Amino acid sequence: MSELHDECGVIGFFSTDPTVDIVEETYLSLYALQHRGQVGAGIAVNHNGTIVHHKDHGMIPEALPERELARLGNGEIALGHVKYSSGGMAVDHENLAPLVMRYIKGQLALCLNGSLTNYHELRDELNQGAAIFQSNGDTEIIAYLIARARITALTIEEAVLQAVQRLKGAYAIALMSPSKLIGVRDPMGIRPLCYGKIGSSYVIASESCVFDSMGGEFIRDIEPGEMLVIDSEGVHSYRDNCGGKTAICIFEYIFFSRPDSVVDGVSVNLSRQRAGRLLAQQHPVEADIVCGVPDCGIESAIGYAMESGIPYATGLIKNKYIGRAFNNRKKNSEYLMRIKLNALKNNVNGKRVIVIDDSIVKGKTSRHIVNLLRQAGAKEVHMRIASPPFKCQCYFTSDTTAKENLMAAAMTTEEMCAYMGADSLGFLSVESLRELVRESKPDFCDACFTGNYPLDVSDTSREDKYSKPKT
């Protein structure tokens, strides 16, 4: 039960069949991405070049009520978005997506999953050109760059390719022009993006689980640096920015993605089970049961149990019915954590328990978990973490605080174990990460564990990253 938050999920539909209710299809598909963002959601739909949209705070049913879906009507192209905030900051309505703007060639809608490391440089430049901003997120920066490039570019494709040359950082973009659906992935492939078909519609999505959940067909991942354009003539690929160094975020496999997704050729479920098997090899301990912290520790716990021969059992129960307003309650954090998570006494009482979690960030949740299990009667609690110690701030994907607030950056493993009150603590080794994603064509970024950033972050301070809600 990590203290990390991912930033958002994007989806785009293109249909030439007027009988397809594209708004309904987009709405239902967004549920497969709800785990990527629970602060806000939105849909934009294209009606022969006129874009109508709605976006609001909350989870999907709250943000997109039936009356607003009916108002959107039907169309040929649609975008959907789910959003998280960064740094615990509130998200203004202007920072929700899709962003819809009117420019020299009509209307444009854009969704983004990612974070620009040169945000302030680009914003200062656009401010010098008298740009008027309605938000303080990355999405509007990208939209302005595309609009400016479109003044001289002959096509929207040319404008997008020119604009992304200016971007540094991690991004997966879904964009809708009056007649085209466009998906763009950053040259390193830090953020995931793929495409497939649902019925007769072509679809761009953050994760492949969208296609499974809707009975569709996953075709392939969009390559790092690739731009995919879908129009009435079919699918067109532009690989001008492909072929360089790649670095997909390793946390897609550890935490962010759903276990039923396949990201860059690697099953997320299989990757997490491998992590558990490796943990059992690297940090064995005698115990009666193995349990996982829901949700992302469960697959690794199953892998640990299979490798060690120790039975897997449910030790912790997560409340899945907590809405957005829950996080704004004024009770103390331990009280709120208890509502979110509880121990199953019948399974842990009198047992030596191995509990598997995906990661440790600040450590408060881990300490709470150990305490819960002990109160439920666990004789011993051995904590195992399906990733290496999280020592460095992430500037590209996850919502992490400054390095000095990361538990593993300030304490040794022994000190962390004592703080949590566990009988033992073991982390997956950094060297094991390659084994988790051995089928992946792109390389991966492990900077949060090693400090080896794939991009220059010297101009990106903590204040830079958290002075604006991320998209």
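This is a short chat about a sheet and some helices in a predicted model.

Visitor: What should I know about the model and its numbering?
Guide: The model is predicted, so local features need pLDDT of at least 70 and side-chain atom pairs count only at pLDDT 80 or more, while totals for chains, interfaces and linings use all residues. Residues are numbered from 1 along each chain as its sequence is written, and side-chain values use heavy atoms, leaving out hydrogens and water.

Visitor: In what order do the strands of the open sheet come?
Guide: The order is β17-β20-β21-β22, with parallel pairing; strands (E, at least two residues) and helices (H or I, at least four) are DSSP runs numbered from the N terminus, and two strands pair if DSSP finds at least two bridges between them.

Visitor: Why do β17 and β22 each have one side without a neighbour?
Guide: β17 (289-292) and β22 (424-427) stand at the edges with a single partner strand each, so one side of each lacks a neighbour in the sheet.

Visitor: And how many bridges join β17 to β20?
Guide: There are 4 bridges between β17 and β20 (residues 352-357), and G292 has I356 in β20 as its bridge partner.

Visitor: Switching to helices, at what angle do α4 and α5 pack?
Guide: Helix α4 (residues 119-128) and helix α5 (residues 138-149) pack at about 50°, with axes 10 Å apart; axes are lines fitted to C-alpha atoms, for helices over the stretch in contact (heavy atoms within 4.5 Å), and angles run from 0 to 180 degrees between N-to-C directions.

Visitor: Which residues meet there?
Guide: Among them are Y119 and L122 in α4, and I141 and Y144 in α5.
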